[in-house]
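Good morning, everyone. Please have a look at the model on the screen, and I will then walk you through it step by step.

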Amino acid sequence: MKETLAKLWNDYLSGECAAIDTDEERKLTKKAAELHEKASALLNKEQEQAVEKYVEALYDMEALFVKKAFFTGCEFGVSFLLDAGNFGK
């Protein structure tokens, strides 16, 4: 099952989850870009590179947690449906 979920996530859903579709998402993206610009202006090159690596690590960690939440949610949904199908038997 995990292999199927991984294929579903990697081939179909991860790109859709990263799409910026709503006004709220556009607003947050713009705000993040503005804050990045301001912070970069305050840092020297070495500091900026260190912060970029830190942010990349946070992105990687968040992506892993989102994928884990997707897998866990799917597994729960399947087990819930199976249990509901056996309800009253």
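How much area does the protein chain expose, and what share of it do carbon and sulfur atoms supply? The protein chain exposes about 7900 Å², and carbon and sulfur atoms supply 62% of that area, with accessible areas taken from the Shrake-Rupley method with a 1.4 Å probe and, for residues, only the protein chains shown counting as cover.

Before going on, I should say that this is a predicted model, in which local features need pLDDT of at least 70 and side-chain atom pairs count only at pLDDT 80 or more, while totals for chains, interfaces and linings use all residues. Residues are numbered from 1 along each chain as its sequence is written, and side-chain values use heavy atoms, with hydrogens and water left out.

The protein chain has 3 helices and 0 strands, where helices (H or I, at least four residues) and strands (E, at least two) are DSSP runs numbered from the N terminus. The radius of gyration, taken over C-alpha atoms, is 19 Å, well over the 12 Å that the globule rule (2.2 Å times the number of residues to the power 0.38) gives for 89 residues, so the chain is more spread out than a compact globule.

Buried residues, meaning those under 20% relative accessible area with a 1.4 Å probe, protein chains only, make up 8% of the 89 residues.

Leaving aside neighbours within four places in sequence, F70 is in contact with L5, L8, W9 and L13, contact meaning heavy atoms within 4.5 Å.

Conventions. Buried means under 20% relative accessible area, exposed over 50%, partly exposed in between (1.4 Å probe, protein chains only).
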